[in-house]
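Reader: I should like to learn how helix packing and sheet order are read from a model. Please take one case of each.

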Amino acid sequence: MNNRPLRIVSLNAFLPGYRLVADWAARHGHEIILVVTLPPSAGDRYGGSANPLVVQLPETQSVLVTGKLRGIAAPVIDSLHPDLVISAAFPRLIPPEILDVPKFGAINCHPSPLPAGRGPNPARLIYEGDDRVAASVHRTAAGFDTGNILAQRSRLLPEDLNGPALLNAWGELLRECLEAAVPRAVAGEPGAWQDPAEATEAPFFTPEEYLLDLTEPADVIRRKTAALNITSPRALARIPGIGQRTVIATYAVPSPRVDPRTEARGPVEADPGSVLQTHADGWTVQTADRPLRLHCGGA
């Protein structure tokens with residue numbers, strides 16, 4: 001086991017990814033000798049707040065901004081003799097010219113229970129019905145998210161189910177994974193093989209998937225809204241009589257009290273998708289099974 005401070009090269013295109021690595025390095029006395037990031041347009045997938053990442057980094061941090069990983073980034077990284085390369089929220093395949101440089105290899109932080117959820121949109125797993133939020137740290141390999149797993153964590157979806165809560169949960173789980181994975185990488189442990197038969201892909205959402213179906217069950221709508229709104233509000237809904245609105249968040253509506261004498265709940269007689277109540281910041285709608293409060297923005 002290596003106990004000396006490590007020299008780290010961090011590859012990031014989204015500020016939470018950099019903070020994940022930087023906070024871990026600071027806790028253990030390691031040094032990030034270089035951050036490699038991409039030109040501004042690469043941050044679009046993470047929302048406008050990450051565009052460009054370079055202006056959000058500390059002034060003392062050495063940064064290389066380039067999309068030419070083989071021709072420019074690899075020689076610079078090689079000249080620095082790093083111990084470890086860590087990528088977190090970096091949407092590019094890392095070439096072998098970089099992977100072969102660091103003494104203890106390269107690892108990647110990915111917010112899914114690999115081999116499920118490989119690819120650019122791990123929130124898709126939650127959108128499609130997963131009731132857990134999960135994260136993995138794995139050795140970086142030739143294919144996206146395919147390397148051996150060094151650490152993995154998961155937990156149930158947060159009760160306050162919204163995009164920022166999912167992002168926070170991922171951050172906590174990835175911190176735990178990074179703490180466990182780095183010592184294993186430094187010790188030369190290979191990690192657990194990913195079975196390709198269990199792998200699933202997580203592509204970007206289609207334009208049609210951003211539009212919520214208010215006639216689905218409330219829990220489904222809440223889960224989809226949170227998954228769509230990880231970095232910024234992007235979920236949409238067509239409110240009857242109002243038009244299309246951005247759904248910022250959803251809130252469960254307490255169930256009617258049951259009369260123990262009659263077991264009657266006094267259910268609201270309304271069609272799924274219809275508006276039950278108007279609020280200053282949104283509407284309560286009837287879903288397939290119960291009312292749901294929508295906090296909405298403009299069209």
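Author: The discussion below turns first to a pair of helices and then to a sheet. This is a predicted model, in which local features need pLDDT of at least 70, side-chain atom pairs count only at pLDDT 80 or more, and totals for chains, interfaces and linings use all residues. Residues are numbered from 1 along each chain as its sequence is written, and side-chain values use heavy atoms, with hydrogens and water left out.

Reader: At what angle do helix α1 and helix α5 pack?

Author: Two packed helices are described by the angle between their axes and the distance between the axes. Here α1 (residues 15–28) and α5 (residues 163–186) pack at about 50 degrees, their axes 10 Å apart. The two are therefore oblique to each other (neither under 35, nor over 145, nor 65 to 115 degrees).

Reader: Which residues make the contact?

Author: From α1 come Leu20, Val21, Trp24, Arg27 and His28, and from α5 Gly171, Leu174, Arg175, Leu178, Glu179 and Val182 (contact means heavy atoms within 4.5 Å). Six of these residues are nonpolar, two polar and three charged.

Reader: What is the strand order in the open sheet of five strands?

Author: Strands of a sheet pair through backbone hydrogen bonds, either parallel or antiparallel. In this sheet the order is β8-β9-β12-β11-β10, with antiparallel pairing (a pair needs at least two DSSP bridges). β8 (236–239) and β10 (275–279) each have a single partner strand, so one side of each lacks a neighbour in the sheet. Between β9 (residues 243–252) and β12 (residues 291–296) there are five bridges; Ala249 has His295 of β12 as its bridge partner.

Technical notes
Axes are lines fitted to C-alpha atoms, for helices over the stretch in contact, and angles run from 0 to 180 degrees between N-to-C directions. Helices (H or I, at least four residues) and strands (E, at least two) are DSSP runs, numbered from the N terminus. Ala, Val, Leu, Ile, Met, Phe, Trp, Tyr, Cys and Pro count as nonpolar, Asp, Glu, Lys and Arg as charged, and the others, Gly among them, as polar.
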